[in-house]
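Here are my notes on this one, as promised. Have the viewer open while you read, and go through the points in order.

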Amino acid sequence: MTALSALPTCLAEGRGIDFHMHSTASDGALAPAALVALCHQRGVTHMALTDHDTVAGVAEAQSAAEPLGMCLLPGTELSSQWRGVNIHVVGLLPHGAQGALDEGLVAQARAREARSEVIATRLEKIGLKDALARARQQTGGEDRPLGRPDFAKALVEAELVPDIATAFKKYLGNGKPGDVKSHWPYLSEVVEWIVDAGGVAVLAHPLRYGMTRRKRGLLLDDFHKAGGEAVELVSGYQNADLTRDLARQLDERGFYGSLGSDFHFPGGAIAPGALSDVPRTRVVPVWMHPRLAAFGAAKPVTNSESI
Ligand code: AMP
Ligand code: MN
Ligand code: MN
Ligand code: MN
């Protein structure tokens with residue numbers, strides 16, 4: 001197995017590292033083993049599987065990664081709410097799910113079930129008959145809690161919208177009838193679960209919440225206060241100027257930086273390990289965090305040491 005000690009000490013040289021990806025354990029198209037194989041093929045050597053509100057795919061991914069000499073970090077992407085916004089927090093979990101996180105994941109699965117009933121009722125009002133059953137048919141036979149992408153596919157199949165993008169734009173996206181957030185725990189709670197499991201809490205895709213810089217600053221402050229220690233500096237493809245500005249906001253608060261494609265399915269613009277260029281900044285890579293360095297036997301670097 002390639003140890004994390006082989007990793008670069010600088011985010012800008014983080015090629016081959018992808019700490020945010022999805023499998024069929026949540027709303028991804030590839031089974032965990034197939035995702036690992038694709039990562040291997042694309043030169044990703046260090047990966048985290050971060051399915052929405054579950055670690056169900058981790059064991060399969062781990063068995064697939066080992067014979068290929070790849071380093072797989074268990075993870076999850078938790079749904080939460082902060083000031084009425086649906087915020088995602090990636091947990092990088094060197095010890096897997098344990099402690100409060102174990103129970104937290106059970107609660108998340110229940111929240112997802114309850115939420116899908118509310119979404120279904122709302123979509124029935126706009127003409128999607130048997131919405132819950134139709135969404136359930138979109139999981140490819142996987143027995144997992146439903147997500148909004150399943151409802152989006154059901155809307156397309158019923159010809160109520162031409163494509164997934166329109167389904168989100170009209171019915172499921174931020175502020176639309178199918179955007180039901182009230183079931184999710186507060187941001188601070190999911191961060192506590194991750195810390196309790198001995199993991200590192202990473203704020204996912206901070207540029208994708210439609211926030212002003214000022215509001216993002218407040219989110220970062222609250223996330224930090226709650227025990228969040230890292231933020232995705234680059235998530236898939238993003239504007240270079242915004243990345244530089246984000247790096248300043250992270251540096252000011254002493255956050256570690258993470259990198260992830262947020263890959264869901266092949267054939268689109270996003271692929272495992274595919275990211276916008278990462279600028280040279282003082283932000284320390286999350287893989288240098290003492291709790292993750294122990295996982296791969298790398299020399300830990302504290303946030304105050306500059307690189
Ligand atoms: P959920 O976890 O059920 O709240 O669903 C959120 C997921 O829906 C995200 O993780 C994406 O995979 C997907 N999603 C969100 N917005 C869009 C969009 N505009 N177009 C396509 N997929 C989206
Ligand atoms: Mn998703
Ligand atoms: Mn997300
Ligand atoms: Mn994601």
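**Notes on the metal sites and the sheet**

1. Let's begin at the ligand: a polar side-chain atom of His-264 sits 3.0 Å from an oxygen atom of ligand 1. Bear in mind throughout that this is a predicted model.

2. Two other side chains are worth a look here. In Asp-27, a side-chain N or O atom is 3.0 Å from an oxygen atom of ligand 1. For Arg-115, the corresponding distance from a side-chain N or O atom to an oxygen of ligand 1 is 2.4 Å.

3. What else surrounds ligand 1? The residues around it include His-52, Arg-112 and Arg-148, along with Gly-147, Pro-149, Ile-164 and Phe-168.

4. Now the metals, starting with the manganese ion (ligand 2). Its coordinating atoms come from Asp-27 (OD), His-52 (NE2) and His-264 (NE2), at 2.1 to 2.2 Å. So Asp-27 and His-264 turn up again: both are on the list of residues surrounding ligand 1, and both coordinate this ion. Along the chain, the donors are spaced D-x24-H-x211-H.

5. That site brings together distant parts of the chain. Asp-27 is in the loop between S1 and helix H1 (32-41), while His-264 is in the loop between S7 and helix H10 (290-296), and the two are 237 residues apart. Is His-264 buried or exposed? Its relative accessibility is 18%, so His-264 counts as buried; the cut-off for buried is under 20%.

6. Next, the manganese ion (ligand 4). Its protein donors are His-20 (NE2), His-22 (NE2), Glu-77 (OE) and Asp-262 (OD), 2.1 to 2.2 Å away from the ion. The spacing in sequence reads H-x1-H-x54-E-x184-D, and both His-20 and His-22 are buried. From this ion to the manganese ion (ligand 2) is 4.7 Å.

7. Then there is the manganese ion (ligand 3). Glu-77 (OE), His-88 (ND1) and His-205 (NE2) are its protein donors, lying 2.1 to 2.2 Å from it, with the sequence spacing E-x10-H-x116-H. Glu-77 belongs to strand S3 (residues 71-82) and His-88 to strand S4 (residues 85-92), so this pair ties together parts 11 residues apart in sequence. Both Glu-77 and His-88 are buried. Note that Glu-77 is a donor to the manganese ion (ligand 4) and to the manganese ion (ligand 3). The manganese ion (ligand 3) is 5.7 Å from the manganese ion (ligand 2).

8. On to the fold around these sites. There is an open sheet of seven strands, ordered S1-S2-S3-S4-S5-S6-S7, and the pairing is mixed. Strand S1 (17-18) and strand S7 (256-260) are the edges, each pairing on one side only. S1 runs parallel to strand S2 (residues 46-49), and two bridges join them; in one of these pairings, Ile-17 has His-46 of S2 as its bridge partner.

9. Which helices pack on the sheet? Helix H2 (residues 58-65) does, touching S2 and S3, and its direction makes about 155° with that of S3. Helix H7 (residues 187-196) packs on the sheet too, touching S3, S4 and strand S5 (200-203); for H7, the angle with the direction of S3 is about 155°.

Notes. Residues numbered from 1 in each chain as written. Chains lettered and ligands numbered in written order. Predicted model: local features only at pLDDT ≥ 70, side-chain atom pairs only at ≥ 80, totals over all residues. Heavy atoms only, no water. Donors = N, O, S within 2.8 Å, 3.2 Å for Na, K, Ca; no water. Helix = DSSP H or I, 4+ residues; strand = E, 2+ residues; numbered from the N terminus. Buried < 20%, exposed > 50% of the residue type's maximum accessible area, 1.4 Å probe, protein only. Pairing = 2+ DSSP bridges. Contact = heavy atoms within 4.5 Å. Axes fitted to C-alpha atoms, helices over the stretch in contact; angles between N-to-C directions. Near = heavy atom within 4 Å. Polar contact = N/O pair within 3.5 Å; in protein donor to acceptor, adjacent residues only side chain to side chain.
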